[in-house]
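Hi,

Here is the structure I promised to hand over. Have a look at it first, and then read my notes below.

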Amino acid sequence: MSQNVTRRAAMVAGAATGALTALPAFSNEALTPLKDLAAAKGLRFGTAIGMKMYADPKIRDLVIRECNIIVPENELKMYVTHNQNPTDYNFKPADELLAFAEANHIAMRGHNLFWARDEFTPKWLIDYKFSGKAEAEKMLRAYIATVAGHYGERLTSWDVVNETIDPKTGEVRDNAFSRVLGMDTMRIAFEAARAHLPQTQLVYNDYMSWETGNENHRKGVLKLLHWFRDNHVPIDALGVQSHIGNGFDLMAGQVNQWKDFLDEVVSLDLDLLITEFDVDDQTITTGDIEQRDAIVATVGRIYLDQMLSYKQTKDVLFWGMPDQYNWLQGFTPRKDGLPLRPTPFDAEFRPKPLYDAIAAAFKTAPER
């Protein structure tokens, strides 16, 4: 395998009228659902789903057909569950999603117990004046106990701490709790989660990626994972968000360096989860849909083949699908104003070349 994906992806772009582009004409009913292809290899396939998506019956049908795991997009983040003050909680949106999942025999992940970034922290908590470490620890443990206690073992795994590494420096970010508790914030969060969720998979989740420019982020995450191990923090897996091409050159994936990163993660006896997958085609300059879809499918296939070659990889979840429901449409719009095409389904819910790439990756993945 070459050092990066550029050459192979460019070749596919030049051959965009080939077999991959025929896929959107297929009927969904003729395809084996991705959840079934994944399950045959001991994997789960799914998507994030928020209340706006859930309100669309076509989304619900798509999830039931294609997914055997979901994750709430925002409904379990603290700015939803605990946004008003230190005592009030709001579980209604997440409860509705969980009821849908359970009624359709779909697993659900929890995302997240602590998003370690001030910009996504409730204002009341940012402004709160802790009397000292004891009060800060008590509040963090109480929050996790309340949320974990509400759901118990009904959720298959939890992102306990989310995005605590600064991607530029590789250092741990300051946040409302760490300014009082320091690194103990992470230890306390995982310990509290384990105390109330003894059988649930506990995950550190972050967006370090494989493209050039992510080196410091990857180093910082590895340093944190080693700190977890050295301090006996009860963590089971690394959540690899996998927003491919988001903010970076889509075709600059450092395949060899990414392998080194993954090798070190699994050497710590951690599983891997693809928690927020999409392929951002913002930087593909052509407006030709066939070429864009071919590049997205090729890069996605190379990435998935590498990730799934590790038997520690257990779940593959997109961060919203079909295309129009993916978060990137508003976050990284194309300069030409055309809609992004980052997911396996287009705006008409038709499977795209990326769907075929995912199916092929599942079929060739080793069993786990």
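Leu-97 touches several residues that are distant in sequence: leaving aside its neighbours within four places, Leu-97 is in contact with Ile-49, Met-51, Tyr-54, Ile-70, Pro-72, Glu-75 and Met-108. Contact here means heavy atoms within 4.5 Å. One of those partners, Tyr-54, is 43 residues away in sequence, yet the two C-alpha atoms are 7.8 Å apart in space. Leu-97 belongs to helix H6 (residues 92-103) and is buried, with a relative accessible area of 0%. Buried means under 20% relative accessible area, exposed means over 50%, and partly exposed is in between (1.4 Å probe, protein chains only). Helices (H or I, at least four residues) and strands (E, at least two) are DSSP runs, numbered from the N terminus.

Before you go further, keep in mind that this is a predicted model, where local features need pLDDT of at least 70, side-chain atom pairs count only at pLDDT 80 or more, and totals for chains, interfaces and linings use all residues. Residues are numbered from 1 along each chain as its sequence is written, and side-chain values use heavy atoms, with hydrogens and water left out.

Now to Asp-159, in strand S5 (residues 157-162). Is Asp-159 buried or exposed? It is buried, at a relative accessible area of 0%. Apart from neighbours within four places in sequence, its contacts are Arg-109, Gly-110, His-111, Asn-112, Leu-113, Val-203 and Asn-205.

Next, strand S9 (residues 271-279). Eight of its nine residues are buried, so S9 is largely enclosed by the rest of the structure. Strands pair if DSSP finds at least two bridges between them, and S9 has these partners:

- S7 (residues 237-240) runs parallel to S9, joined by four bridges; Leu-238 has Leu-272 as its bridge partner.
- S8 (residues 243-244) is also parallel to S9, over two bridges, with His-243 opposite Asp-278.
- S10 (residues 313-318) pairs with S9 in the parallel sense over four bridges, and Leu-272 stands opposite Thr-313.

S9 takes part in two right-handed β-α-β units: one made by S8, helix H12 (residues 255-267) and S9, the other by S9, helix H13 (residues 289-308) and S10. Right-handed means that, with the strands pointing away from you, the path from the first strand over the helix to the second runs clockwise.

Finally, the empty spaces. On a 1 Å grid over the protein atoms alone, a cavity is a set of points where a 1.4 Å probe fits but cannot get out, while a pocket is an open set with protein on both sides within 12 Å along at least five of seven lines; lining residues have an atom within 4 Å of a point. Points are joined across faces, edges and corners, and a volume is the space filled by probe spheres set on them.

The largest pocket has a volume of about 600 Å³. Its lining has 27 residues, with Glu-163, Gln-241, Asn-246, Trp-327 and Phe-331 nearest the centre. The second largest pocket holds about 150 Å³, and its lining includes Ile-289, Arg-292 and Asp-323.

How many cavities of 30 Å³ or more does the structure hold? One, with a volume of about 50 Å³. Strand S4 (residues 110-115) gives the largest share of its lining, four residues.

Cheers
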